[in-house]
Amino acid sequence: MFDNFDPFKILEKENFTFQPSRYEMWIGGEMVRSGKSDRLITAEVVEVAGIQKVEVTFDDTSLHAELSPSNIFDVFVTAKDRLLLIVLTEQTSENRGIKGFEKAFGSAMKLTNLTGNQPYCCSLFLQQGNIAKVTFSYSNPKRLLEFYP
C-alpha cells in the first residue's frame, strides 16, 4: 500500500507541504476523536545553533491543544514503510520508540521535556513518491495524530 524503504537510512533534510482534509486521534488503539482539518502542514529546513533541522508548522488553531504550531525535528530517516522526522532527546522515557531512536541515532538535545502537544516523531507515508498520510507520535500520554488528504 505505501512505498517501502531500506530502514534506518539517514536522509538529507528537505522542505515539504501536505494538504490534509481530515484527522484522527488514536489512544490505546482506539480512535478517540476525528474531524476536518484543511490547514496546510509545512516543513522547512532551518538552522538551529548551527545545526540543520526541520521545522514542521501547522496553523489549525482548533487542533493546537493536540499539535504545537511549531515543531523542530533533529533527524530525517527511513523506516520500512515510511519516512521519519525524529526529535532526539536525553529524557528518561519508558517509550520504546524514543528509546529505540536514541539507541540508533544518539541524543541531540539535553534534558528535553516535550510538552503534551509536542510530538517526538512525524511519519510521512508515501504512495508512488507522493505524501499520502502524515502522522505525529506522542509520548505523554502515548497517542497518535493522523492526517489524511
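## Strand 8 and its partners

Let's start in the middle of the sheet: Ile86 has Cys121, in strand 9, as its bridge partner. This is a predicted model, and in it strand 8 pairs with strand 9 (residues 121-127) in the antiparallel sense, over 4 bridges.

Strand 8 also has a partner in strand 7 (residues 75-78), again antiparallel and again over 4 bridges. Here Leu85 of strand 8 is the bridge partner of Phe76. The two strands make a hairpin, with 4 residues between them.

The side chains of strand 8 (residues 83-86) alternate: Leu83 and Leu85 point one way, Leu84 and Ile86 the other, and all of them are buried.

## The nonpolar core

Leu85 turns up again in the largest nonpolar core, which has 33 residues. Together with Ile41, Val56, Phe136, Leu145 and Phe147, Leu85 touches the most other members of that core.

Val56 makes a good place to look around. Leaving aside residues up to four places away in sequence, Val56 touches Ile41, Leu85 and Phe136 from that group, and also Thr42, Ala43, Pro69, Ser70, Asn71 and Phe73.

## The chain as a whole

Stepping back, the protein chain holds 1 helix and 11 strands. Their order along the sequence is β-β-β-β-β-β-β-β-α-β-β-β.

Of its 149 residues, 43% count as buried. Contacts between residues at least 6 apart in sequence include many that reach further: 50% of them join residues at least 24 apart. The accessible surface is about 8200 Å², and carbon and sulfur atoms account for 49% of that surface.

## Salt bridges

The whole structure contains 6 salt bridges, and three of them are worth a visit here. Lys133 and Glu146 form one, with their closest N and O atoms 3.5 Å apart. Because Lys133 lies in strand 10 (residues 130-139) and Glu146 in strand 11 (residues 142-148), this pair ties together parts that are 13 residues apart in sequence. Both Lys133 and Glu146 are buried.

Another joins the side chains of Glu24 and Arg22, at 2.9 Å from N to O. Glu24 is buried, at 13% relative accessible area, whereas Arg22 is partly exposed at 35%. In a further salt bridge, between Arg39 and Asp38, the closest N and O atoms are 3.9 Å apart. Arg39 is partly exposed, with a relative accessible area of 40%, and Asp38 is exposed, at 55%.

Conventions:
Residues numbered from 1 in each chain as written. Predicted model: local features only at pLDDT ≥ 70, side-chain atom pairs only at ≥ 80, totals over all residues. Heavy atoms only, no water. Core = buried A, V, L, I, M, F, W, Y, C linked by side-chain atoms within 4.5 Å. Buried < 20%, exposed > 50% of the residue type's maximum accessible area, 1.4 Å probe, protein only. Contact = heavy atoms within 4.5 Å. Pairing = 2+ DSSP bridges. Areas by Shrake-Rupley, 256 points an atom, 1.4 Å probe, with all protein chains shown as cover. Salt bridge = Lys/Arg side-chain N within 4 Å of Asp/Glu carboxyl O.
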